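Got the structure open? Let's go through it together, one question at a time.

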Amino acid sequence: MKITNDIKYIGVNDHLIDLFEGQFDVPNGMSYNSYVILDEKIAVFDTVDARFGDAWMQNLKRELNGKEPSYLIVQHMEPDHSSNITTFKREYPNAQIVASDKAFLMMKQFFGSDYIDSRIVVKENDTLSLGKHNLTFITAPMVHWPEVIMTYDSYDKVLFSADAFGKFGALDVQDEDGWACEARRYYFGIVGKYGMQASNLLKKASAFEINTICPLHGPVLNENLSYYIDLYKTWTSYEVESEGVVISYTSVYGNTKKAVELLRDELLENGCPKVVLNDLARVDKHEAIEDAFRYGTMVLATTTYNNDIFPFMREFLYELLERGYKNRKIAIIENGSWAPSAGKKIREALANLKGLDILEADVTIRSSMTEQNREEIKTLAKALLN
Ligand code: FEO
């Protein structure tokens, strides 16, 4: 696949994977992207997952058409991209590996060699000329590992963006939901903890004129780039993306669910443009996480369990804490048949997060909604929309 006259796509699609990175559901598979720049000197960008070494090497050889690459640029050492470095070096022993010093440390850890005799260690703003194509390296620590670099090619104005601007899904599957849905789940699932670092990276990248973004997963982006970059600015700065309310809940026997459904109806009746209900025991965990960041208001509704928060909600809160959830309006609905305490525990769990506006009055249900609870939920709906 041609990206520009000199830049070709040599990545692979994975339809065999069950869980990406051991945890993310990827119903449309996954792509491991790799690229080659054909110039006086030839540079290959990253390898692919271990299981696709043969297919990748075939793609590479097809594009090389008998030529020898000078460089393998390793932007990220996570094994979905680095697993075939040794295969590459066996095939092309004279090629040099270009990477950050931290990446070489990891090569030693993963493969037992840091390629001391055939390597180029690059730092921020170092450059490498291939002929027409001049590459500038941009360090991108914690987007999403510490060794990451990105690369800008000034000739074709291409940013090789490593994991940033990545997306779940193989490239040979048409994504009915558009780019943002699975790119958002990918971002908040994988990179979300490092919003500040990702935001810094965007600032650095804004110094370059970019026509094309080549990420390590998902489609190459070459049209309407401001759409993708603006979404990334929103996500990395923890800003609200969409108007509406997300209700994240658990319900053991359906009584908490009834309260949640009443709240949804009241919100819609009072003009809320969108209400999303996420049953944390049943919805994909990472869908629930992305929605928590997508909307500006979230209601947490759950049961007291073992004098604590119901397990699926407890785990969900932990995921939000881990990602530095912030700057949102929150309300709590708790249910408990004899000693409701989930509300108090949720407040304790959220206490150290910044910029949360947690409404003071929790709705406390004892087993099932009373008339008073119904009135409280109607009042809550109005308070959430103020
Ligand atoms: Fe696609 Fe962080 O590896």
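Q: How many residue pairs are in polar contact across the interface of domain 1 and domain 2?
A: Keep in mind that this is a predicted model. A pair goes into this count if both residues have pLDDT of 80 or more. Across the interface of domain 1 and domain 2, the number of such residue pairs is three.

Q: Which element gives the most residues to the side of domain 1 that touches domain 2?
A: Look at the elements that put two or more residues there: β4 (24–25) and α5 (178–191). The biggest giver, with six residues, is α5.

Q: How do the residues on that side of domain 1 divide into nonpolar, polar and charged?
A: The contact takes 11 residues from domain 1, with nine coming from domain 2. On the domain 1 side, the split is three nonpolar, three polar and five charged.

Q: What area is buried between domain 1 and domain 2?
A: Interface size is often quoted as the accessible area lost when the parts come together. Here carbon and sulfur atoms give 51% of the buried area. The figure for domain 1 and domain 2 is about 940 Å².

Q: Which residues in domain 1 lose the most area to domain 2?
A: Three residues together make up 56% of what the domain 1 side buries. They are Arg184, Arg185 and Phe188.

Q: Which residue forms a salt bridge with Arg184?
A: The rule finds three salt bridges across the interface of domain 1 and domain 2. For Arg184, the closest N and O atoms of its salt bridge are 3.0 Å apart, inside the 4 Å cut-off. The partner is Glu290.

Q: Why is the pair of Trp179 and Tyr228 called edge-to-face?
A: In total, 26 aromatic pairs turn up in the model. The ring centres of Trp179 and Tyr228 are 4.7 Å apart, and Trp179 lies in helix α5 while Tyr228 lies in helix α7 (residues 225–236), so the pair ties together parts that are 49 residues apart in sequence. Planes over 60 degrees apart count as edge-to-face, so this pair gets the label because its planes are at 80°.

Q: Where is His144, the residue that follows the cis peptide bond from Val143?
A: The bond from Val143 to His144 has omega near 5°. As for its place, His144 is in the loop between β12 (134–139) and β13 (149–153).

Q: What is the phi of Glu21?
A: Glu21 lies in the loop between β3 (19–20) and β4. Although Glu21 is not a glycine, its phi is positive, at about 50°.

Methods
Residues are numbered from 1 along each chain as its sequence is written. This is a predicted model: local features need pLDDT of at least 70, side-chain atom pairs count only at pLDDT 80 or more; totals for chains, interfaces and linings use all residues. Side-chain values use heavy atoms; hydrogens and water are left out. Contact means heavy atoms within 4.5 Å. Buried area is the accessible area (1.4 Å probe) that two parts lose on being put together, summed over both. A salt bridge is a side-chain nitrogen of Lys or Arg within 4 Å of a carboxyl oxygen of Asp or Glu. A polar contact is a pair of N or O atoms within 3.5 Å; within protein, one must be able to donate a hydrogen and the other to accept it, and residues adjacent in sequence count only if both atoms are side-chain atoms. Helices (H or I, at least four residues) and strands (E, at least two) are DSSP runs, numbered from the N terminus. Ala, Val, Leu, Ile, Met, Phe, Trp, Tyr, Cys and Pro count as nonpolar, Asp, Glu, Lys and Arg as charged, and the others, Gly among them, as polar. Rings of Phe, Tyr and Trp (its six-membered ring) pair if their centres lie within 6.5 Å; planes under 30 degrees apart count as stacked, over 60 as edge-to-face and the rest as tilted.
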